Amino acid sequence: MATIKDVSRLANVSISTVSRVINNTAQVAPEKREAVLNAMKELNFRPNSFAQALVSKRSNCIGVLVGDLCGGPFFAQMMLGIEQVVDRVNKFSIVITGNHDEHRERHAIDTLLQRQCDALILHSMALPDEELAELVKRDTPVVFVNRLVKGAEDRSIWFDNAEGCRVAVRHLVEQGHSRIAFITSDDQSFVDAQQRFAGYRQGLQDAGLPFDESLVVKAYPDEVGGHVAVKELLDRKAEFTAFVGYNDAMAAGAISYLLENGIQVPGQVSAIGFDDIPYVRFIHPKLSTIRYPIEKMGEQAAELAVRLLDNKPVDGLRLKFEPELIERNSVKTR
């Protein structure tokens with residue numbers, strides 16, 4: 001394996017000149033730069049990224065904490081937004097999963113800091129606000145995505161989950177529904193779950209409708225969970241003409257079970273999901289949902305991180321994202 005000394009010898013320049021070319025830390029005469037680049041190519045020399053980081057005090061990597069990598073398209077969409085910015089500024093991402101577990105998230109963050117990432121983008125659901133707010137006091141820029149962290153509001157890219165469910169309930173009420181079920185996550189420790197449940201209740205209150213606990217079912221937040229949840233509603237003989245799903249996956253699973261059992265959607269039961277993941281526009285019926293612009297949020301989080309890293313103004317960046325109702329075919333209209 002070629003070394004920096006080999007490049008120096010072949011290019012007939014000093015080792016310090018080779019170092020300056022590699023790290024782009026100072027002016028180098030064009031002919032010497034070209035000689036170094038040609039020598040590197042001829043020797044198939046690859047600079048040591050750790051050594052570069054020591055010299056430039058930049059690793060050129062952005063550390064990203066995500067919940068998981070196999071729980072559907074949510075994090076893939078978020079990473080797509082992040083990568084668009086990271087690629088544009090010639091950096092790369094190091095991605096670690098936290099699995100929504102306090103100990104794993106803490107270990108992941110420590111690992112990214114030890115790797116000397118230039119900045120961190122954190123999707124943390126398990127760690128308390130107080131601990132996360134302490135991170136912004138470090139030299140490494142830290143940005144939070146999909147969460148409003150108390151004490152770090154200016155570093156938080158977040159979505160109004162409660163308003164999303166209020167919008168969903170309001171739409172169903174406008175279509176004549178008064179018995180509206182809520183199919184939600186069985187893990188109410190997540191802020192998203194708490195906020196969406198609060199938004200559902202607020203939506204009922206806004207419409208002057210009573211909250212009926214028998215219309216709320218909790219299950220694992222995926223397609224199978226939606227299947228299980230709506231079956232439980234039917235087994236309870238709960239009277240409902242519509243439901244809001246905690247996410248699109250649960251809504252899709254619930255619709256599947258209803259159709260399998262001869263219950264027409266939206267003819268007998270209307271449905272609204274949450275997230276607007278790609279596949280819901282292709283199922284039958286096409287799912288009405290609340291759009292969660294996680295790709296754009298990932299993009300804004302990365303943009304904020306890069307600007308903080310380069311000490312650039314952050315004015316004009318969007319921190320709060322509002323829900324948007326996407327009307328398709330799963331709600332019976334008047």
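Is V280 buried or exposed? In this predicted model, V280 has a relative accessibility of 0% and therefore counts as buried. The residue belongs to the loop that connects strand 9 (270-275) with strand 10 (288-291). Leaving aside residues up to four places away in sequence, V280 is in contact with D248, K286, L287 and R328. Of these partners, D248 falls within the range of helix 11 (248-260). Between V280 and V89, the separation amounts to 191 residues in sequence and 33 Å in space, taken from C-alpha to C-alpha.

The overall fold was examined next. Twelve helices and twelve strands make up the secondary structure of the protein. The radius of gyration is 25 Å, whereas a compact globule of 334 residues would have a value near 20 Å. Consistent with this description, the C-alpha trace extends over about 85 × 40 × 35 Å along its principal axes. Buried positions account for 48% of the 334 residues. When contacts are restricted to residues at least 6 apart in sequence, 66% of them link residues at least 24 apart.

The surface and the charges were treated together. The protein exposes about 16600 Å², and 49% of this area is supplied by carbon and sulfur atoms. There are 39 positive and 45 negative charges, and the mean positions of the two sets lie 5 Å apart.

Two cis peptide bonds are described here in relation to strand 9. Most peptide bonds are trans. The bond joining V265 and P266, however, is cis, with omega at about 10°. P266 is placed in the loop that runs between helix 11 (248-260) and strand 9. A further cis bond leads from H284 to P285, where omega is near -10°. P285 is situated in the loop between strand 9 and strand 10, which is also the loop that holds V280.

Unusual backbone angles were also considered. Most residues other than glycine have a negative phi. N12 is not a glycine, yet its phi is positive, at about 60°. This asparagine is located in the loop between helix 1 (4-11) and helix 2 (15-23). With a relative accessibility of 70%, N12 counts as exposed, because the cut-off for that class is over 50%. Q116 likewise has a positive phi of about 60° without being a glycine. The loop between helix 6 (102-114) and strand 3 (119-122) contains Q116. The relative accessible area of Q116 is 48%, so this residue is classed as partly exposed.

Finally, the cysteines were assessed. A disulfide is a covalent bond between the sulfur atoms of two cysteines. The structure contains zero disulfides. C117, for instance, takes part in no disulfide: the nearest cysteine sulfur belongs to C61 and is 3.6 Å away. That separation does not meet the criterion, because a disulfide requires a pair of cysteine sulfur atoms within 2.5 Å. C117 has a relative accessibility of 5% and therefore counts as buried. C165 is buried as well, its relative accessible area being 0%. Both values fall under the 20% limit that defines a buried residue.

Notes. Residues are numbered from 1 along each chain as its sequence is written. This is a predicted model: local features need pLDDT of at least 70, side-chain atom pairs count only at pLDDT 80 or more; totals for chains, interfaces and linings use all residues. Side-chain values use heavy atoms; hydrogens and water are left out. Helices (H or I, at least four residues) and strands (E, at least two) are DSSP runs, numbered from the N terminus. The radius of gyration is taken over C-alpha atoms; the globule rule is 2.2 Å times the number of residues to the power 0.38. Buried means under 20% relative accessible area, exposed over 50%, partly exposed in between (1.4 Å probe, protein chains only). Contact means heavy atoms within 4.5 Å. Accessible areas come from the Shrake-Rupley method with a 1.4 Å probe; for residues, only the protein chains shown count as cover. Lys and Arg count as positive and Asp and Glu as negative; His and the chain ends are not counted. The place of a charge is taken as NZ of Lys, CZ of Arg, CG of Asp or CD of Glu.
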